[in-house]
Each structure stands twice: as C-alpha cells, then as structure tokens.
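Here are my notes on the model, set out as numbered points. Please read them with the structure open.

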Amino acid sequence: MTDIEIANSITPKPIIEIAKSLGVADTDLELYGKYKAKICNYELNPKGKLILVTAINPTSAGEGKTTVSVGLADGLKEINKKVCLALREASLGPVFGVKGGATGGGYSQIIPMEDINLHFTGDFHAITSANNLLCSFIDNHIYQGNELNINPNKIVFNRCLDLNDRALRQIEVAIGEKNGVTRKDKFNITASSEIMSILCLSLNLEDLKNRLGNILVAYDNNNKPIFAKDLKVNDAMAILLKDAIKPNLVQTLAGTPAIVHGGPFANIAHGCNSIIATKLALTYADYVVTEAGFGADLGAEKFLDTKCRVANIKPNAVCIVATVRALKLHGGAEKGLLNNEDLITLKKGIPNLIKHIENIKNVYNLPVMVAINKFTTDTEEEIALVKQEVEKLGVKAETCDVWAKGGKGAVALAKQVVELCEEDNSKFSYCYDECDTIKNKIFNIATKIYGASGVNYLDKALEDIKDIEKLKLDKLPIIVAKTQYSLSDNAKLLGRPENFEITIKELQLRGGAKFIVAIAGSMLLMPGLPRTPAGAKMTIDNSGKIEGLF
C-alpha cells in the first residue's frame, strides 16, 4: 500500500476527542471541519519532557526524520506515556517540487494528510499576504510622494510566494506609466520569509505586532533605516495573522495528538515550528516529540542556538535519525547499489553521523542517542556496524521500523528515549555567545558545528556586517543559510569533509525576527523546480480523489 492508501484506510477520531485526550476543552477549539482545529484559548505552562528529533545530512536515499518523529510519539503512546507531537507545517514548494508530502509515511503519518500538505488552515496564505501587504505599502509610499525619502535602490524587504519558482528570483516591478517607480525586486519562498520566522518566534499577539513593526524594509537617501512601523502597516499585518498565530491540532494515524504550526525551512531559515506550539505541547503532555529541519548542522543548531534562547527551553534528549542507505551514500556508494550489503562503504559514511553526535554531546552538552530507521534491505551486519561505531562514543543506537509497524515499531526506541530523559543531568550550553561579534559567532558555528577550518567573506558580506553594526543590532543570533546536503557549503562534499572554508557572500538583518541571516555558498532563498516536478506525477479524478501526493 502507498502512504496515501494507508492514510485513507484508517478512520480518524473526531478532533474534539483528540483534544479531550490532551486536556483541551472543546470550548477552546476553533473547528476546521471534523478532523482539524485551532487551539484558541490557552495558558502556557511548559512542564513536560522535550525530545528533539534531528538527523544526519539528508541524501537522495531519504532518512525519514518526520516518519520517525511520528513513530516515536506513537511508540511513547504504546508504552502508556502522555505524549504530544509538535511539528512544522508543509510548504507547497516541496510538495509540488522534489519531496512530495511532509506528513510522515506508512503507518507513521499525521492526518488528514491531504489537507495538511495542501492549504491546511490557511496559515501559509496569511503569512504570504501579510508579507506582500508590506511590500505593497513600500511601493505605494514611494508612489504617493515618498515622505520617508525611501531610496528605491535600497529596499531590502522582498515579496514572497509559497511555491518553487526560479523565474521570480529577479524581477522588475512598477513597469509602465502611472504604476510607480520602476525598480528591481525578487520573490523569496514563504518558508524563508521573515514573516514566517516572526510568527514562529512570537510569544503572543502583542509580541507578534511589535516584531512586525521592527522589520527593516529599506534605507532612505541619507542611509537611515526605515522600518515597517514607519509605514504604519504592522497592525494591518497582525490583523492578517490573527488566526495564523493560533496553533493547529491534528492527530497521527494512531490517534496521538499533534500540534502542527509554522513551517520555516532549515537550509534558508531557522527550521523550527512555533514556540507557542512547542510550549503548548509541553503544557499538556508529559513527553513532547518535536523535530528540526534537515540535518543537525542546520535545524538542530538553529533550534538550540536561536529557538531555545528565545523560548527559554532546552531538550531533555536528542534523537539523531540515520539510515544505513544514507550512510552508504555519504561513504561514496552509487545509488543503484544501495540494496547490496557494503560494509566498507558504510564505514566510510558513518563519520557524518559521528560528527553530528559529537556536536550534540560535546558542543551542546545534551543527552543523545541514534535512531536507525530500518529498511528491508539492511543486513544485520550493517546495522551491527553502525551500532558498534556509535557505541564507541558512549552513545546508544536503536533500530525502529515505524513505516511498516507504526508505534509498535518504535517501542524499544521509545523506552530508550524515556530512559535518556530521566537520566538528563546535562549542563546545556550554546555554540556561541550571543553578545560576541558577528564574525566570531559565524566562526564558532563554522568550526565547531560544520568542522570548517575557517570562514571567508566576500566584499558584500563585509559591507553588510558594517551596516548591521552601525544599527547596533549585531548582538543577535546567527542563522546560516547553506546547503543541507553537506556539513560544508558545497553540496558535493559528503561524509565528514575536512580542511574546507565556509564562504559568506552576504548577510541580511531580520530586525523583526531578531536574528541575522548569513548566506553561505550558492544558497538561494527561492528554490526552483526539478526537471520532473512531483506535481507532474499527481492526478485528481472527477470525484476529487488525489493520486501521487506522496
């Protein structure tokens, strides 16, 4: 059976029942049909144990991080723990681009999967609209006389769209008479927009409105910064986001509650679901499973160095997902030969996993274990080799088979994670001091987390650092935008590369989100579609039945 056939074969429980099992009254819900709702009335009092699921650097073989996250939550339910998932929402870009759906797979899915993967409760549309409302205010202000003296060549806030569209990376706007001042602009994907990050990092509606007002939008002709609040648009943006800030409640196939809210990418944004969702899950459940995007060098680093600072939280345990197949690719195996046992190539790829373990254990001082997401082609000898190498670091590795068995395939993993949480006596530390210089913060991330020998800055990046320092906003967390496929900024350097430098080509201030984006290598904030997009393989019949969403 396919993922969508499995999802359609199981009848979900009414969302009111799921809410009740979590301790949320039906009067605190805003229903979006029978199986999804927004939680609209709550107090945040986090007291549960937090489990962060991360992974090795992703490969074309797939790691199944979301599938393991869902399976682990269901596994905790199997051993009678009160548990809640806290996950990100799906972006339409990957859904119709390369990855397909983003709700897990097999018997470890969140549902209703079609709704979640498509328009869900409209949060992404609200974020896109709020973003582009600000853009329209900027251009209208210039057209109407430009009282703020905005320099059209120094507008730093861009439009966005929740689709992969490389044609929008560079555009011209206001072409033609009476349409305004013609200028260059570009679109970013919604998941990389500052509005997305602001929604996910805001603590409440008031905090959201203040952050929206502090978005840096442009500089005037005297190089003075112009913020969204100068255009008096932040209240209007907050109105568009007043429902989007409320977290969404759905469920797994096994009926485990899942709060799914916000969806920034980890390679070009901060890669974590909303603080509100995580804290709300921790308020209601004894154990909360959350994930951070892509590998631990991206999502987990940003979760720990940025989200944990803002939210004043820390994980009680970290679970790194790996597959034998992906590790063989990191060791240089050909994709067509992954089904064959290959202990030599596997051993060459395991250092990628080892580096991520060392980062969590030695840089952040957190309890860590490995989840080996089992495939039918894995041999006992290959799994034994991974466990053997991991255990040399004093770290446990446990196999799980959650695609085929759901929570029952993660019972052993769940027990190990609970044990890790109960033993947690860690002294959590960050990778860098927030009050350090921009260059030192980037150096710490590059050398400690990526294993780089140093950092190289292009002239544009050096100019950007000076501009941010002039605004006295340099004491903010750093979000590095780089390839997800490698520890380096070169997607082709797999495994555990050595003797490389990270190249920073530019920096962008996110004044509302309160972090600085450092763009490394050839990263772009608007992805493109592949030669054969996932959307080209999808069909819908006259009854509305969708095929190929996974």
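1. Which residue in S12 does Ile150 stand opposite? The partner of Ile150 is Asp220. Please keep in mind that this is a predicted model. S7 and strand S12 (residues 216-220) run antiparallel and are joined by two bridges.

2. The sheet around this pair is open and has three strands, ordered S7-S12-S13, with antiparallel pairing. Strand S7 (150-155) and strand S13 (225-227) each have a single partner strand, so at these edges one side of each strand lacks a neighbour in the sheet. From one strand to the next, the twist averages 50°. Helix H6 (residues 123-143) packs on this sheet and touches S7 and S12. The direction of H6 makes about 135° with that of S7.

3. Next, a helix pair. Two packed helices are described by the angle between their axes and the distance between the axes. For helix H10 (residues 275-284) and helix H11 (residues 296-311), the axes come within 11 Å and cross at roughly 65°. This crossing of H10 and H11 is right-handed. On the H10 side the contact involves Ile275, Thr278 and Lys279, which meet Lys307, Val310 and Ala311 of H11. Sorted by class, the contact of H10 with H11 holds three nonpolar, one polar and two charged residues.

4. Helix H13 (residues 343-363) deserves a separate look. H13 has 21 residues and spans 29 Å from its first C-alpha to its last, close to the 30 Å expected at 1.5 Å a residue. At Gly349, H13 bends by about 30°. A proline, Pro351, follows Gly349 within four residues. After H13 comes Asn365, with a positive phi near 55°.

5. The other sheet to check is open, with four strands in the order S20-S22-S23-S21 and mixed pairing. Strand S20 (454-457) and strand S21 (478-481) stand at its edges; each has a single partner strand, so one side of each is left without a neighbour in the sheet. Direction ignored, neighbouring strands of this sheet are turned by 40° against each other on average.

6. Within the four-stranded sheet, S20 pairs with strand S22 (residues 501-510) in the parallel sense, over four bridges. Asn456 has Thr503 in S22 as its bridge partner. H11 packs on this sheet, touching S21 and strand S23 (515-520), and its direction makes about 170° with that of S21. Helix H17 (residues 438-450) also packs on the sheet, where it touches S20, S21, S22 and S23. The direction of H17 makes about 135° with that of S20.

Notes
Residues are numbered from 1 along each chain as its sequence is written. This is a predicted model: local features need pLDDT of at least 70, side-chain atom pairs count only at pLDDT 80 or more; totals for chains, interfaces and linings use all residues. Side-chain values use heavy atoms; hydrogens and water are left out. Two strands pair if DSSP finds at least two bridges between them. Axes are lines fitted to C-alpha atoms, for helices over the stretch in contact, and angles run from 0 to 180 degrees between N-to-C directions. Contact means heavy atoms within 4.5 Å. A crossing is left-handed if the near helix is turned anticlockwise from the far one by less than a right angle, and right-handed if clockwise. Ala, Val, Leu, Ile, Met, Phe, Trp, Tyr, Cys and Pro count as nonpolar, Asp, Glu, Lys and Arg as charged, and the others, Gly among them, as polar. The expected span of a helix is 1.5 Å times one less than its number of residues. The bend at a residue is the angle between axes fitted to the seven residues ending there and the seven starting there.
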